[in-house]
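Take a walk through this structure, one stop at a time. Keep the sequence beside the picture as you read.

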2 protein chains.
Amino acid sequence: MFDTSDEYYMMEALQEAQKGFDADEIPVGAVVVCQDRIIARAYNNTEQLRDVTAHAEMLAFTSAMATIGGKYLQNCTLYVTLEPCVMCAGAASWTQIGRIVYGASDEKKGFSKIDYPILHPKTKVTKGVLATECESILKEFFSLKRKY
Amino acid sequence: MFDTSDEYYMMEALQEAQKGFDADEIPVGAVVVCQDRIIARAYNNTEQLRDVTAHAEMLAFTSAMATIGGKYLQNCTLYVTLEPCVMCAGAASWTQIGRIVYGASDEKKGFSKIDYPILHPKTKVTKGVLATECESILKEFFSLKRKY
């Protein structure tokens, strides 16, 4: 159904989400891929940094721009385990990223709820890659939280 | 027409915009005010950092959260010379900031173009404070750019 490489890179994003899980962060992970190479990886880090804007995507974008030494990511793909929020979609728009692939949908905060073209017109979107796995880690995190 | 303090703090944001101008950045400045004290100040820094997400508001939010050591800015006001974009409005939403005051409107990229409540429901917005001055510095910047 999906490109093998999409699943491969989403697994890498899931590894980042697991690092977030282990650090007691809401487990969302992201990687940025350029010419079949991972140039940035990050997980949600809002607790440790005490910064609600430190979403996996924001950190990955900044890291990717630093890696390539340029401000635009037209030839790159963002893989992220959860659908980006409005802030992250707005950031993606500024980077002009070529493609966004996400796993789980975010019914509450996902950018696709908004009936307005937030992303750059050239940005392609694929959703639902390893969606079950991407959702599972979030569900597990919140179910453990509820126990305490 | 406006609170004197709004004009006072917008002048501070304009000083930040001027620093941006002097650094050859698109001159947008911001300050975050909490209990009548400026707890963060920043100007757009996308060129120097080579990071298109380094808008004045994003930098000011992160700085403000670091200053207060907490993730939420409910008791704070953001003063920014230009209407926030969708990314920055999305970030503002996560911070739950109490109030946003902006100067010039952004007809192309401003968040208010979108017919969807991006901001936190409790965030109040005041627009047009020192709008002429906030616009002027942007116009001057772009008019100088066109000469070269």
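Asp24(B) is found in the loop between helix H1 (4-22) and strand E1 (29-34) of chain B. The model is a predicted one. Look at the backbone here. Asp24(B) is not a glycine, yet its phi is positive, about 65°. Its relative accessibility is 44%, so Asp24(B) counts as partly exposed.

Move along chain B to the loop between E1 and strand E2 (37-43), where Gln35(B) has its place. Gln35(B) is not a glycine either, and it has a positive phi of about 50°. Is Gln35(B) buried or exposed? It counts as exposed, because its relative accessibility is 73%.

Gln35(B) also has a partner in another loop. Asn75(B) touches Val33(B), Cys34(B) and Gln35(B), leaving aside neighbours within four places in sequence. Asn75(B) itself sits between H2 and strand E3 (76-82) of chain B, in the loop that joins them. With 64% relative accessibility, Asn75(B) counts as exposed. Now compare sequence with space. Asn75(B) and Arg99(B) are 24 residues apart in sequence. Their C-alpha atoms are 8.1 Å apart in space.

Arg99(B) leads on to another residue. Thr123(B) touches Arg99(B), and it also touches Gln96(B), Ile97(B), Gly98(B) and Ile100(B), not counting residues up to four places away in sequence. Find Thr123(B) in the loop between strand E4 (99-104) and strand E5 (124-127) of chain B. Unlike an exposed residue, Thr123(B) is buried, because its relative accessible area is 11%, which is under 20%. What lies 2.6 Å from a polar atom of the side chain of Thr123(B)? It is the backbone oxygen of Ile97(B).

Next come the cysteines. How many disulfides does a search of the whole structure find? The count is zero over all chains. Take Cys34(B), which is in no disulfide. The nearest cysteine sulfur belongs to Cys76(B) and is 3.6 Å away. A disulfide needs the two sulfur atoms within 2.5 Å, so this pair does not qualify. Cys34(B) counts as buried, at 14% relative accessibility. Cys88(B) is in no disulfide either. For Cys88(B), the nearest cysteine sulfur is that of Cys85(B), 3.9 Å away. Cys88(B) is buried too, with a relative accessible area of 1%.

Now cross to chain A and look at helix H3. Nine of the ten residues of H3(A) are buried, so this helix is largely enclosed by the rest of the structure. The buried residues are Val86(A), Met87(A), Cys88(A), Ala89(A), Gly90(A), Ala91(A), Ala92(A), Ser93(A) and Thr95(A). What do they pack against? In chain A, they pack against H2 and strand E4 (99-104). In chain B, they pack against H2 and H3. Just after H3(A), the backbone of Gln96(A) takes a positive phi of about 60°.

H3(A) also takes us to the pockets. The largest pocket holds about 1200 Å³ of space. Its lining has 40 residues. Nearest its centre lie Leu82(A), Asp106(A), Lys108(A), Lys109(A) and Trp94(B). Which helices each supply at least two residues of this lining? They are helix H2 (56-68), helix H3 (86-95) and helix H4 (131-147) of chain A, together with helix H3 (86-95) of chain B. H4(A) gives the most, with four residues. By type, the lining of the largest pocket divides into 20 nonpolar, nine polar and eleven charged residues.

The second largest pocket has a volume of about 850 Å³. It is lined by 29 residues. Those nearest its centre are Trp94(A), Ile26(B), Leu82(B), Asp106(B) and Lys109(B). H3 of chain A supplies at least two residues of the lining, and so does each of helix H2 (56-68) and helix H4 (131-147) of chain B. The largest share, four residues, comes from H4(B). The lining of this second largest pocket divides into twelve nonpolar, seven polar and ten charged residues.

Terms used. Residues are numbered from 1 along each chain as its sequence is written. Chains are lettered from A and ligands numbered from 1 in the order in which they are written. This is a predicted model: local features need pLDDT of at least 70, side-chain atom pairs count only at pLDDT 80 or more; totals for chains, interfaces and linings use all residues. Side-chain values use heavy atoms; hydrogens and water are left out. Buried means under 20% relative accessible area, exposed over 50%, partly exposed in between (1.4 Å probe, protein chains only). A polar contact is a pair of N or O atoms within 3.5 Å; within protein, one must be able to donate a hydrogen and the other to accept it, and residues adjacent in sequence count only if both atoms are side-chain atoms. Contact means heavy atoms within 4.5 Å. On a 1 Å grid over the protein atoms alone, a cavity is a set of points where a 1.4 Å probe fits but cannot get out, and a pocket is an open set with protein on both sides within 12 Å along at least five of seven lines; lining residues have an atom within 4 Å of a point. Grid points are joined across faces, edges and corners, and a volume is the space filled by probe spheres set on the points. Ala, Val, Leu, Ile, Met, Phe, Trp, Tyr, Cys and Pro count as nonpolar, Asp, Glu, Lys and Arg as charged, and the others, Gly among them, as polar.
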